[in-house]
Amino acid sequence: MQLLLSFLTEIFSQPAFLMGIIAFVGLVCLRSPLNKLLTGTLKPILGYLMLSAGAGVIISNLNPLGSIIEAGFGIRGVIPNNEAIVSVAQKVLGVETMSILLLGFIINLIIARFTKYKYIFLTGHHSFFLACLFSAVLRAAKFDGWELIIIGGFLLGSWSAISPAIGQNYTKQVTDDGGIAMGHFGSIGYYLSAFIAKRVGDKNNSFADTEISEKWGFLRDTTVTTGIVMVIIYIFCSLVAGSEYMATITEQSPIIFSILSGLQFAVGVAIVYNGVRLILGDLVPAFQGISQKLIPNSIPAVDCAVFFTFSPTAVVVGFICSFIGGLIGMFILGGMGMALIIPGMVPHFFCGGTSGVFADKLGGKRGCIIASFIGGILLAFLPALLLPTLGDLGFQNSTFADFDFAVWGIIIGKLFNIFGQTAIYFICLILIIVLCVPFFFKSIKVVGDSRNIDQS
């Protein structure tokens, strides 16, 4: 039983397999020929593996930059990292996390089939992270055994369906009604960025629509632009850190290291973009089979990096503005006597970059800059507020990085401290009401195609 649970967990925690399985089932429902069944199943898998490979290149080049900044500017504190805290939590909550993950996916499918929340969450590693968070905070709330697993699975499955619905109207505008939804647990931050940008900016003056003159024609290539920006950042930070510290990072000269790291980062971004094109080229059409035969009007909720191609320049601008916001947030935290949250380059790139895309498409350049900056400040404060709850569990000096993780951890932790386990049951009741009353997010009418859903 343990081996089977472990095997199934590996399958459901891998977005590449999930996308391949979903695409295969959809193509079977469409009665596609064998050649289309083969290519249509493999391309989403290959696309996500390519996306993951690109993300790996990005992360491997961002991590040293974080330590260089820490050393160069003499900053000491906590760097939020999802993978780090999950690896620690798994040692004491492994079975609970795996069980919540599997149950959560099943509940997500049931909700998509029988309610008007038609979103199937396909970003398996983020589901795994949230399952780990729920197992940790529910254990802190004195739940155990099957009760912990059932409540955690319900919370995961419900939020997997509800979180894409909250901002689907924004997502439709970002993707030009491309038939996909946001399947990433930084979603609240992205929707908040879109909300802010829409009110402070002008979407008719966006980075996505900016025409670059011939004089600066080389900047039209996003890969080149990203490479130039990152090389400048690496060189500046490396010079501040000094040659003595840089010698502990690399045997190369700081300048050569900076140039190569910046350009490799740009290559990683280019790989991500190509992976996204492979995914969207076959997953969305195959999903029509699921939508027609098994779960009517269903919509795939996909990883945040899939949205990068809709405004590539805004990804870089959003990342930089988010990082600056994170730095300012860190100093504010220090002034308030709270734990210093050192800006993690990885969350600020993926969350800040995605916020930049949403903000740019809804509020243009000004909206992108302002909303991403505010989001960066929140990426400092939310992990800091979550830190005490996780510290009570023995996870000192470690915290989750992304928006939804922090919000859920803070809500459950704070309400339990005030009202006890009754608060957790009340949260579950609220989610049931939301699922049963879909106009909570104005998704009253679903006719024919899933893209008729209109949420605010």
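Is F350 buried or exposed in this predicted model? With a relative accessible area of 12%, F350 falls under the 20% cut-off and therefore counts as buried. The residue sits in helix α13, which runs over residues 345-391. Setting aside residues up to four places away in sequence, F350 touches A55, I58, I59, Y190, C304 and F308. There is also D402 to consider: F350 and D402 are 52 residues apart along the sequence, yet their C-alpha atoms are 9.5 Å apart in space.

Stepping back to the whole chain, the model has 15 helices and three strands. Of the 456 residues in the chain, 56% are buried. Contacts across the sequence are plentiful in the tally: taking those with a separation of 6 or more, 81% are between residues 24 or more positions apart. The accessible surface adds up to about 18800 Å², and carbon and sulfur atoms own 67% of that area.

Helix α13 has more to show than F350. H348 is placed in helix α13 as well, and its relative accessible area of 3% makes H348 buried. What does the side chain of H348 pair with? The partner is the side chain of S322, and the polar contact between the two spans 2.7 Å. Once neighbours within four places in sequence are left out, the contacts of H348 are F319, S322, F323, G326, P343, G353, G376 and L379. So S322 turns up both as the polar partner of H348 and in its contact list, and F319, another entry in that list, comes back below with the rings.

On to the aromatic residues. A pair of aromatic rings is described by how far apart the centres are and by the angle of the planes. Searching the whole structure turns up 17 aromatic pairs. One of them is F129 with F405: the ring centres are 6.3 Å apart and the planes meet at 70 degrees, so this pair is edge-to-face. The pair links distant parts of the chain, with F129 in helix α5 (residues 124-140) and F405 in helix α14 (residues 403-419), 276 residues apart. Both F129 and F405 are buried. Another edge-to-face pair is made by F319 and F349, at 5.4 Å centre to centre and with 80 degrees between the planes. This pair, too, links distant parts of the chain: F319 belongs to helix α12 (residues 312-335) and F349 to helix α13, 30 residues apart. Both rings belong to buried residues, F319 at 2% relative accessibility and F349 with a relative accessible area of 1%.

Ring pairs do not stop at twosomes here. Which residues do ring pairs link into a cluster? The members are F121, F128, F129, F185 and F405, so the F129 and F405 pair described above, edge-to-face in its geometry, has both its residues in this cluster.

Charged residues are next, and the count of salt bridges comes to two. E96 bridges to R139, with 2.8 Å between the closest N and O atoms. Because E96 lies in helix α4 (residues 82-114) and R139 in helix α5, this pair ties together parts that are 43 residues apart in sequence. The two partners sit differently with respect to the surface: E96 is buried, with a relative accessible area of 15%, whereas R139 is partly exposed, at 30%. D144 also forms a salt bridge with R139, and there the closest N and O atoms are 3.7 Å apart. Through these shared partners, E96, R139 and D144 are joined into one network.

Finally, the outside of the model. Which residues make a nonpolar surface patch of about 370 Å²? The patch is built from L38, L42, L46 and L49. L42 is found in helix α3, residues 34-72. With a relative accessible area of 40%, L42 is partly exposed, in contrast to F350, which is buried at 12%.

Methods. Residues numbered from 1 in each chain as written. Heavy atoms only, no water. Patch = residues over 30% accessible without salt bridge, like charges linked within 9 Å, V, L, I, M, F, W, Y side chains within 5 Å. Areas by Shrake-Rupley, 256 points an atom, 1.4 Å probe, with all protein chains shown as cover. Salt bridge = Lys/Arg side-chain N within 4 Å of Asp/Glu carboxyl O. Helix = DSSP H or I, 4+ residues; strand = E, 2+ residues; numbered from the N terminus. Buried < 20%, exposed > 50% of the residue type's maximum accessible area, 1.4 Å probe, protein only. Contact = heavy atoms within 4.5 Å. Polar contact = N/O pair within 3.5 Å; in protein donor to acceptor, adjacent residues only side chain to side chain. Phe/Tyr/Trp six-rings, centres within 6.5 Å; stacked < 30°, edge-to-face > 60°.
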